[in-house]
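Q: Please take a close look at the part where the two chains meet. Which elements supply it, and what surrounds it?

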Amino acid sequence: MSPADSSLSGRQPKAVQSALRVLEEVARAGVGVTAKEIAENLSMPSATAYRLLNLLVADGYIVRLPDLSGFSLGHRMGVLIDAAVAPTVCTAAREVLAEVRLSVRFGVHLFYFTNTAVRAADLDSEFPPPVDEATLNRNLHRSAVGRLLLAEKQDLTGLAPVSEGLLQQLEAVRRNGFATQTGELREDCACVAVPVRAPAGGLVAALSMSGRSDQDVLLAKQVPALTECAKRLSPLLA
Amino acid sequence: MRPIRSSSPVSGLRRGQLSFAQVLGQSVSAVAPSAVMVTLPALVIPAAGGWTLGVFVVTALLMAAVGYCVGQFATRMVAVSGLYSYTVKGLGPGAGIAAGWSLVVGYAAAAMASSVGAANYLAALLSRLGVPSGAVTITVLALVVGAVALTLMIRGIRLSARISLTVEVFAIVVAAVVLVIAFGGSIAGGRAPPDAADAQSHSALGFALLLAITSFVGFESAGTVAREARKPFVTVPRAIRWTPIAVGLLYVFAAAMQSTQTIRAGIGSVPIVLTLPASAGAGSTALSIAMELGITASWFACIIGSTTALSRTLFAMGREGVVPGVVGSTNRRFHTPHVALLLAMPVIVVVPLVYLWVTGSSREVLIGLLAVSAHGYVGAYLLVCLATPAFLRRIGELTRLPLVIGVATAVLMVAIIIWAALTLESPVWIATAVYAGLLAAGFALYAFRLRRVPGLSERVGVFDETTEGDLLADYNPWMVRR
């Protein structure tokens, strides 16, 4: 063990700063930058830079390219990027939503998906959704929109508490092509959600309808209309 | 810059299967420390005399240095063939092939020895129930043990890793308890350690060091399950760095316990089934049974550990084309290299049985196989130590510490080998010749395949490399990925 690995005191803040600088340099220098170049660009002792790079690779923030000397940003960085992007909805899509809202007395909402989260893109101001975006993301397994996201994933670790019941629900979501929730997020509310997919098949958004929990049967009857609408939205969002 | 592929060259093995404990279990079970704890000090003490503890401390440090070198690779690449692919990345395909076949010899011979060991200890246990122990019983038991191990390994790495870890922990605890009970009394009695062996100690010290090194081999095998481990860049280097130290502590403890009074190795049809000293008292039968159970378990875990490592190495060779491609196929349902396993296991069981029927002595078979195995491991260790600075230099990450440790460890190992060869009383030249012959056969096969398979030398050394899907290029944030 080198001394730097075991000291947990005054040098830590420096180490964190150095790690973040290394990360930033990998992003700035682009795909294929080598460890030596990073150490030189940052005027950092090379042993420090190499150790930090290996730590960042171990945690998936960056990856080593097949030649083993070059680096690039890794998937873990996606979480940071996802948090920074803001959803925008084009006018044509807003018009489709307005049309649906005129036809029903339920809340009609459009959510976008990042790789691991749900983002509110266009919410119904007249009949707002049962919970806000942050609560929704903490309760993906209890919400209709969240279940669409979970049903898409092979690995649920970090996203939801895995239980036999949830796995069965997700299997039903995959089979039926829509997800529901009655009184699970809030006692008095029910929702139904259908996926909006890119032409290539990737899940990009959810179209959901919210109402009172005693209206769950009526909501379920809206699924064909929602699915039709999701088809119209697909080319506008992808 | 090398092109980035759309799928990994070692796809088919499932990722993220093993926890840190299970990766550690792979390394530890391939070492089989509990079997070593009760047998090896008895072999080393006569050779090293009063230096026994020192011998184990020195070799633990030396193996920790090898572990440091291996760790340099394990933090940078996710391998399926461990030291083989590491050596290729450092010293190129030629030296890599030498390391690869050395590992195959090392793992295969270790698995064979374990199969003989497990069968013999099981036979010893059964003989207490009145089953006649003899070559026939041992043959049947070896076949059964091989079949069970094969089934577990094909059924998935998680299952076999869990079982071998549990079994090995049980074995270590039993060995430790037995040693404490059997020998603790004599220490309390304040008996002076026997120093009759001291007179010859200096002449055989080199051999004792080499023997002690062979008691650590297998610790590097975590490198063969990196693709199947969770967080491989963390778990694999950690397992490889800590195993030699942990195992070294166990050996020092075992040697300290036994240095007061050595276990006598029984010579006969049953090899190294130990006779406990009289000081163990009335409970000695119960202790013997417990120890036999523990050591059987340890041998069994060692079959799984060694064969898992062997099958992954052969699987990698199959993917490269060094051996026919079919060896590189995986089972669709269990995601294990079933062809490599199905090819390897019969050889592992049958070769020692033939050897046994020819020589008639299990002890001779066991020692012969362990000697061949040790040659393979030590050869691969030597190469990987030399490969470490070369690899780091090639990727532009060489610093002073790995250079010094890599070169110094290699020099020390060569020195110990020469010392041992010069001071050896009973020559192991047969094992050396067998190892050399197998290595030559490996090179002949490689030369043959080089002509048949275009671009083979560039493909050698496959590992779980970064693929298109792992990169953050052309990133679309509004998309759910599976």
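A: The following account begins with the contact between the chains and then turns to the elements on either side. The model is a predicted one. In this model, 39 residues of chain A are in contact with 27 residues of chain B. On the side of chain A that touches chain B, eight elements are to be named, each supplying at least two residues: the helices are helix 3 (35-41), helix 4 (46-58), helix 5 (77-84) and helix 8 (144-152) of chain A, and the strands are strand 2 (62-64), strand 3 (70-73), strand 4 (107-113) and strand 8 (203-212) of chain A. Helix 4 of chain A gives the largest share of this side, with six residues. Sorted by class, the side of chain A that touches chain B consists of 19 nonpolar, 14 polar and six charged residues.

One of the contributing strands, strand 4 of chain A, may be followed further into its own chain. Strand 4 of chain A pairs with strand 5 (residues 118-122) of chain A in the antiparallel sense, over four bridges. The connection between strand 4 and strand 5 of chain A is a hairpin through four residues. Among the bridged residues, A:Phe113 has A:Val118, in strand 5 of chain A, as its bridge partner.

Across the interface lies the other partner, chain B. The secondary structure of chain B comprises 15 helices and two strands. Chain B has 482 residues, of which 56% count as buried. Of the contacts in chain B with a separation of 6 or more, 84% are between residues 24 or more positions apart.

Definitions and conventions. Residues are numbered from 1 along each chain as its sequence is written. Chains are lettered from A and ligands numbered from 1 in the order in which they are written. This is a predicted model: local features need pLDDT of at least 70, side-chain atom pairs count only at pLDDT 80 or more; totals for chains, interfaces and linings use all residues. Two residues are in contact if their C-beta atoms, placed from the backbone, lie within 7 Å. Ala, Val, Leu, Ile, Met, Phe, Trp, Tyr, Cys and Pro count as nonpolar, Asp, Glu, Lys and Arg as charged, and the others, Gly among them, as polar. A residue is buried if 20 or more other C-beta atoms lie within 10 Å of its own, exposed if 12 or fewer, and partly exposed in between; C-beta atoms are placed from the backbone. Two strands pair if DSSP finds at least two bridges between them.
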